[in-house]
Amino acid sequence: MTTAVAGHSTARTYRPYLALRLALVVAFCGWTFAAMAAVTLPELGGWQRVMALGFCVMFTILGGHYLPLEIQVDDQALTYRGFFKYHRIRFDEILAVDVLPVPLSVFYGIRTEHMVIAFTNFISGHRDLAEHILRRARLARR
């Protein structure tokens, strides 16, 4: 998504794919229902209850990471917003952008002197995002 601010240039916003966000919400709701059913059904054993609650916890954590995730790139910096993190990194602070292709996924690491911000191909427009950061930071592809 590209947004223009009056008197300023455009900023690009990158978020996880809509299908991923919807799937996480549906999975969380489904496993929450299953966990409530498992707790109320006396014929189910303790192991089934633990497994259903475990899936609820897993999808809560995944949703907590991916649902609020947003990476915004403007003329001066990259802004990473997550559930627990908020970082604004100027392009002159970026030392490298690492790309690690693995089976079924691609991992990206934006390295600075003090931290690494990581994202995967679950971000809509991840290739464009990586190329845009490389251009703005005046870095070569590795």
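A salt bridge here is a side-chain nitrogen of Lys or Arg within 4 Å of a carboxyl oxygen of Asp or Glu. With that in mind, start the tour by selecting Arg 90, Asp 92 and Glu 93: salt bridges link these residues in a network. One thing before you click on: this is a predicted model.

**Stop 1: the charged network**

Stay on Arg 90 and Asp 92. They form a salt bridge, and the closest N and O atoms are 3.2 Å apart. Now colour by accessibility. Asp 92 comes out as exposed, at 62% relative accessibility. Arg 90, at 45%, counts as partly exposed. If you're wondering what is going on chemically, side chains of opposite charge can pair when their charged atoms come close.

**Stop 2: two more salt bridges**

How many salt bridges does a search of the whole structure find? There are seven, and two more of them are worth a click.

Pick Glu 70 and Arg 81 next. Their side chains meet in a salt bridge, 3.0 Å from N to O. The pair links distant parts of the chain, with Glu 70 in strand β3 (residues 70-73) and Arg 81 in strand β4 (residues 77-81), 11 residues apart. Glu 70 is partly exposed, because its relative accessible area is 21% and buried means under 20%. Arg 81 also counts as partly exposed, at 27% relative accessibility.

Now select Asp 74 and Arg 88, whose side chains meet in a salt bridge at 3.0 Å, N to O. Asp 74 sits in the loop between β3 and β4, while Arg 88 belongs to strand β5 (residues 86-90), so this pair ties together parts that are 14 residues apart in sequence. Is Asp 74 buried or exposed? Asp 74 is buried, with a relative accessible area of 16%. Its partner Arg 88 counts as partly exposed, at 41%.

**Stop 3: aromatic rings**

Switch the display to rings. Four aromatic pairs turn up in a search of the whole structure. Select Tyr 66 and Phe 122, one of those pairs: the ring centres are 5.7 Å apart and the planes lie at 65°, so the pair is edge-to-face. Tyr 66 is in helix α2 (residues 46-66) and Phe 122 is in the loop between β8 and α3 (126-137), so the pair ties together parts that are 56 residues apart in sequence. Tyr 66 counts as buried, at 13% relative accessibility, whereas Phe 122, at 36%, counts as partly exposed.

For another pair, click on Phe 83 and Phe 84. Their ring centres are 4.8 Å apart with the planes at 90°, so this pair is edge-to-face too. Both Phe 83 and Phe 84 are exposed.

**Stop 4: a buried alanine in α1**

Head over to helix α1 (residues 18-40) and pick Ala 35. Ala 35 is buried, with a relative accessible area of 5%. Which residues is Ala 35 in contact with, leaving aside its neighbours within four places in sequence? Select Ala 52, Leu 53 and Cys 56 to see them. While you're here, draw a distance between the C-alpha atoms of Ala 35 and Gln 48: the separation is 8.7 Å, for two residues that are 13 residues apart along the chain.

**Stop 5: the three-stranded sheet**

Go back to cartoon view and show β6, β7 and β8. These strands make an open sheet in the order β6-β7-β8, with antiparallel pairing. Its edge strands are β6 (96-102) and β8, each of which pairs on one side only. On average, neighbouring strands of this sheet are turned by 20° against each other, direction ignored. Now add α3 to the selection: α3 packs on the sheet, where it touches β6, β7 and β8. The direction of α3 makes about 25° with that of β7.

Zoom in on two of the strands to finish. Strand β7 (residues 105-111) and strand β8 (residues 116-120) pair in the antiparallel sense over five bridges. A hairpin of four residues joins β7 to β8. Last click: select Arg 111 and look across to β8, where its bridge partner is Val 116.

Terms used. Residues numbered from 1 in each chain as written. Predicted model: local features only at pLDDT ≥ 70, side-chain atom pairs only at ≥ 80, totals over all residues. Heavy atoms only, no water. Buried < 20%, exposed > 50% of the residue type's maximum accessible area, 1.4 Å probe, protein only. Pairing = 2+ DSSP bridges. Phe/Tyr/Trp six-rings, centres within 6.5 Å; stacked < 30°, edge-to-face > 60°. Contact = heavy atoms within 4.5 Å. Axes fitted to C-alpha atoms, helices over the stretch in contact; angles between N-to-C directions.
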